[in-house]
Each structure stands twice: as structure tokens, then as C-alpha cells.
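Thanks for coming, everyone. I'll put the structure up now and talk through some helix packing and then a couple of pockets.

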Amino acid sequence: MRIATAQWRIERPSSFAAWRDRVRDELAAAAAQGAELVLLPEYLALELAGLFAPAIHTDFLASLDALQGLYADWQASFANLARETGLHVLAGTFLLRQPNGRYRNRAELYAPDGRRWFQDKLVLTGFERGFPVIEPGDQLQVFDTALGRIGVNVCYDSEFPLFARRQYEAGARLLLVPSCTDTPAGATRVRVGCRARALENQIHVVQSVTAGEAAWSPALDTNTGVAAVFAPSDRGLPDDGIVAQTLAGETWCIADIHAAALDAVRQEGQVANAADWDAQLRPHLLNVRAY
């Protein structure tokens, strides 16, 4: 399978149509290079807050409220783009208002045949906890797609091993991580989390990132990180676990991944991290003895 994951430069769009056209052009470019699955970054929908007046786009909460009126167009756009391009599209995230009035940071995957799945962010960052109207999700899911069973960890969720482990145990062999970080330290944490999840579960992990500066946005003002595809370090795979990553100024990191290679590693690799997971859970090891 060929995957394209974005190092998405944040811009202020002039109209929804202009924003949609930019996304269409970029997805078409990925499809032209043979991609079957594309991954856009966390908080992508907040780029659309730039359509509103300064009193709104400079106010995070006002932006969330205003963006709800664009959600139907957002869904229709990605459903159409997936169909037109033949791509499976993980459309970044949209902070979606729930029936209780609070917002969840939701990643949606769109398939060319019209199917759609979602995964909410499960653990909030300090920035998100600073706004009581944002709440974490309450369900961990895997998606049965034509490309195989896929899991999603939204940004910070990738730093907690049990989410990805449960998805692996449920059959996911590919983990998608849409992310948005504003410091090199934050970018490092998510990257390390992605690489650790690839190592532990012997799966491919794909990370997308936001890039550039957007002084008009309180959430997307500074963006860091490198889009990449990771694998466990073992026979037939890169020694450093990095299958591919973007260079400065690039939009797409494109890589071919092969499920059979990981099947072989899990069966005949130098180590068996995925199978040996329970070794750390032996009852006599759960209590620490101090000397």
C-alpha cells in the first residue's frame, strides 16, 4: 500500500471554495503519485476559522462556535474528494459540538465507496483542558476498510501505549496519528510516541503534522514537526525505524508499506515485542520490591 502523509502548511483561506480547491489539488497530487491512503493533520478545520472576522478568528472559543456552520460542507467535501480521487482520506480533525454543548476533537476517515468512520481524541492536552467546553472521547475504535483494519490515535493519544495496544489486539495493523504541535519538545514527544507504538506492536505508524506560522490563529500560530512513516526496527525494515519523512518545504511524505513484511517480522524477527507484551504483566512482576 502506498501512503501519503501531510506536512500541511497552515494558510488563511480566502473562501471555503478556495480552501476546498487547495485540498483537492493536494489530494490529486498524492493520488497521481500512486497513493491509496492520505493523512491530513490534527486541527485542520481550524484553518477555516480564517474565513471569519478578526473578532472570531482571534478568539478560540468563538472560532469553534462559528466552525459548526461549516461542518456539513466539510463532510460533503471530503466525501466527494475521496470518491473523486479514489483515496481513503483521514481528514485531520474537526472540533465538533456534541449534544451536551461541548466539543470533541474528531478525526474522520472517508472511503471512496462513501463509508466513513471516526475516532475522537481520548486524552486532552493542557491547552485543550484550559477550555472546559472541550471534552475527551469515550470510545476506542478500529476501522474495517478495503485497505485493512486501521486505528487512529489523535496526537497526544499516541503517547499512551494502551490505546494502540488495544487497537492492535482488535486487529489493527496500521496506526494513523494526525498531530499538531507548537514547540520542538511537543513534536518530539509525539514522534517518540509514534516510534514506540511501532516498536511495541510491530506495526506501521503514520504521522501527519501542521507546518508554518499563522499569527492570526490562537491555536495554529506556530507549527512544528515532520511528517513520517515509522516501522519497527527489524529484519527487512529500516534500521532506524524511519520508512520515510518529509524535508523542509515538502507537503507529502510518500511511502510504500507492506503488511507481509510486518507479518514476517512478527513471526521470524530478531525480537517479538508484540507477542511478548504479556511478559511485562506477569503477576509476580506487578509489585515492586524495594531493597
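So, let's start with helix α1, residues 16–32, and helix α4, residues 71–85: their axes come within 11 Å of each other and cross at roughly 25 degrees. Keep in mind that this is a predicted model. With angles under 35 degrees counted as roughly parallel, α1 and α4 are therefore roughly parallel to each other. As for handedness, α1 passes α4 in a right-handed crossing.

Who's touching whom here? On the α1 side we've got Phe16, Trp19, Arg20, Val23, Arg24, Leu27, Ala28 and Ala31. They meet Asp73, Trp74, Ser77, Phe78, Leu81, Glu84 and Thr85 in α4. If you sort that contact by class, you get nine nonpolar residues, two polar and four charged.

Okay, second helix pair. Here we're looking at α6, residues 161–169, and α7, with axes that come within 10 Å and cross at roughly 40 degrees. That angle makes α6 oblique to α7. The α6 and α7 crossing is right-handed. From α6, the contact uses Pro161, Ala164, Arg165 and Tyr168, and from α7 it uses Arg197, Glu200 and Asn201. The class split for α6 with α7 is three nonpolar, one polar and three charged.

Now, pockets. How much space lies in the largest pocket? About 350 Å³. There are 20 residues lining the largest pocket, and the ones closest to its centre are Thr125, Phe127, Cys180, Thr181 and Asp182. Two elements give two or more residues to that lining, namely α5, which is 126–129, and α7, which is 184–201. And yes, that's the α7 we just met packing with α6. Which element gives the most to the lining of the largest pocket? That's α7, with three residues. For anyone thinking about polarity, the lining of the largest pocket comes out as eight nonpolar, five polar and seven charged residues.

On to the second largest pocket, with about 160 Å³ of space. Fifteen residues line the second largest pocket, and nearest its centre you'll find Met1, Leu147, Arg173, Leu174 and Ala259. Here the elements giving two or more residues to the lining are β7, at 148–152, and α8, at 259–268. The largest share, four residues, comes from α8. By class, the second largest pocket is lined by seven nonpolar, four polar and four charged residues.

To wrap up, then: on the packing side, α1 and α4 are roughly parallel, while α6 is oblique to α7. On the pocket side, α7 gives the most to the lining of the largest pocket, and α8 has the largest share in the second largest one. That's what I've got, so let's open it up.

Terms used
Residues numbered from 1 in each chain as written. Predicted model: local features only at pLDDT ≥ 70, side-chain atom pairs only at ≥ 80, totals over all residues. Heavy atoms only, no water. 1 Å grid on protein atoms, 1.4 Å probe; cavity = no way out; pocket = protein on both sides within 12 Å on 5 of 7 lines; lining within 4 Å. Points joined across faces, edges and corners; volume = space filled by probe spheres on them. Nonpolar A, V, L, I, M, F, W, Y, C, P; charged D, E, K, R; others polar. Axes fitted to C-alpha atoms, helices over the stretch in contact; angles between N-to-C directions. Parallel < 35°, antiparallel > 145°, perpendicular 65-115°, else oblique. Left-handed = near helix turned anticlockwise from the far one by under 90°. Contact = heavy atoms within 4.5 Å.
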